[in-house]
Amino acid sequence: MDIELFNYDLPEKLIAQTPAKVRDECRLLCINKSEKTYEDKIFRDIINYLKPGDVIVRNNTKVLPARIFGTKEGTGAHVEILLLKQLEGDTWECLAGNAKPIKVGSVIDFNNGKLKAECLEVRDEGIRVMNFKYNGIFLEILNEIGAMPLPPYIKKKCEDNSQYQTVFAKVYGSAAAPTAGFHFTEELIKKCEEKGVEFLDVTLNIGLGTFKPVKEKTVEAHKMHTEHYEISQEVADRLNLAKKEGRRIIALGTTSTRTLEANMQKFGEFRADKDDTSIFIMPGYKYKAIDALITNFHLPKSTLIMLVSALMGREFTLDCYKHAVEERYRFFSFGDAMFIHD
C-alpha cells in the first residue's frame, strides 16, 4: 500500500497546543462504523453511547519526565536524551537528539554531575544504549531535572506535568502518554461505573514504536519497534468472561488496542502475560480482541491512522477526518476524540 493513501490535509492551526481546560469538555465524534454515520458531541456525552456490561480497557502507564539535557564530557557538546525503554537495571534504550557525538564510551553529564550516562552501544536512527550512574533514587532525580517528552508538534511546555498524564496513570515507564485517556475525569469514570461499565487496566510502556514516523513509500516496508506490555491474570479472566457473554470490549486508545490484539494474536484468547510486541495493525488486519475504540485524531501517514483504518475502512476514516477538519476539531495529543462503535 502506498503511504499516500493515508495522507490528508490538516491546517497547522488545528494542532492542539494545550489540553482542554476541563478534560471531558473536549469534542467527540461518535462514529457508527457499520452504518457509516457520525455525530458531533462533547466527550462526556460518551456515557449515552455506553451500555451496562461494556468493558473499557485502559493503559495505566505513567509518563516519565524522560527528556533530559546534558553535555558530553571532554568536548562540552550539548546533548538531548529521551529515555525510551529500561533494558536492565540502570541501562536504558535512549533516543539522542544530537546523536553524532555520542559514541561507545562517551559520557554525558546531566545537571553538573547529579546524573551521568555512558554509551554502551550505538544503534541506528539515533538510538543509543546508555548506562546511568547517580546517587539517590533515579525517579526522584528525573522528576527534578527531566522534562515531559511532549511530541515535537507541541510548541508550548505544560503548565503542570499532570496535564500530560491520565487521571488513572499508575505504572511509570513511558516516553509518551496514552492520550485518548486524557479525556476521562474521575467523575466521568464514576458515572460510567454507576451505569454498569467496567474499567480494566493493562500496561504498555510507550516508546518509539508508537510515535516513530513512517518514512518508507510503502506501508509494508515500515518496521515497528517493540514495546513492553503486561496483562494480569484477573484482567485476562474478566476479558474472557466478557467475550463469552457477548459484551463489548472497548479499547481506550491505540496502545490498549495493540496490547489486547497482540495478546489475542499470540494465544487465541486473553491470557496473563508480560511480553514485547511489535504488532503493526493496518487495513487487511482482522480485529480479534476489541469491538470498539476511543481514540484521538492522528497524524497523516502515521501507523495510528492505519490502525483506525483497519477498524472502520480507509475511505470512511478519511471521510471522518475531512469532517473533523471542516468542523475545526482539535488534532493530535491534546486534541479531541473519536468513539468508533457499532
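The legends below describe close-up views of a predicted model. Because the model is predicted, local features are reported at pLDDT of at least 70 and side-chain atom pairs only at pLDDT 80 or more, whereas totals for chains, interfaces and linings use all residues. Residues are numbered from 1 along each chain as its sequence is written, and side-chain values use heavy atoms, with hydrogens and water left out.

**View 1. Helix α2 (residues 186-195) and its buried residues.** Helices are DSSP runs of H or I with at least four residues, strands are runs of E with at least two, and both are numbered from the N terminus. The buried residues of α2 are L188, I189 and C192, where buried means under 20% relative accessible area, exposed over 50%, and partly exposed in between (1.4 Å probe, protein chains only). Seen down the helix axis, these buried residues fall within an arc of 100°, so they line one face of α2; the arc is that of the directions from the helix axis to the C-beta atoms. An α-helix has 3.6 residues a turn, so residues three or four places apart point the same way. The face turned away from the buried side carries the exposed residues E186, E187, K190, K191 and E194. The cover over the buried residues of α2 includes β3 (55-59) and β12 (198-204), with contact meaning heavy atoms within 4.5 Å. Just after the helix, G196 adopts a positive phi of about 105°.

**View 2. A barrel closed by six strands.** The strands follow the order β5-β6-β7-β10-β9-β8, and their pairing is antiparallel; two strands count as paired if DSSP finds at least two bridges between them. From one strand to the next the twist averages 45°, with axes taken as lines fitted to C-alpha atoms (for helices, over the stretch in contact) and angles running from 0 to 180 degrees between N-to-C directions. Strand β5 (residues 67-72) is joined to the antiparallel strand β8 (residues 107-110) by two bridges, and T71 has D109 in β8 as its bridge partner.

**View 3. Strand β7 (residues 91-96) and its neighbours in the barrel.** Five of the six residues of β7 are buried, which leaves the strand mostly covered. Strand β6 (residues 78-88) pairs with β7 in the antiparallel sense over six bridges, and Q86 stands opposite W92 in β7. These two strands, β6 and β7, form a hairpin with two residues between them, and G89 in the turn has a positive phi of about 55°. The pairing of β7 with strand β10 (residues 127-134) is also antiparallel and runs over five bridges, with R128 in β10 as the bridge partner of C94.

**View 4. The surroundings of T203 in strand β12.** T203 is buried, with a relative accessible area of 11%. Its side chain makes a polar contact of 2.5 Å with that of N60; such a contact is a pair of N or O atoms within 3.5 Å, and within protein one atom must be able to donate a hydrogen and the other to accept it, while residues adjacent in sequence count only if both atoms are side-chain atoms. Leaving aside residues up to four places away in sequence, T203 touches N59, N60, T61, V171, H228, Y229, E230 and T259.

**View 5. Cysteines C158 and C192 without disulfides.** A search of the whole structure finds zero disulfides, a disulfide being a pair of cysteine sulfur atoms within 2.5 Å. The sulfur of C158 lies 16 Å from the closest cysteine sulfur, in C26, which is too far for a bond. C192 is likewise in no disulfide, the nearest cysteine sulfur, that of C30, being 12 Å away. C158 is buried at a relative accessible area of 18%, and C192 counts as buried at 0% relative accessibility.
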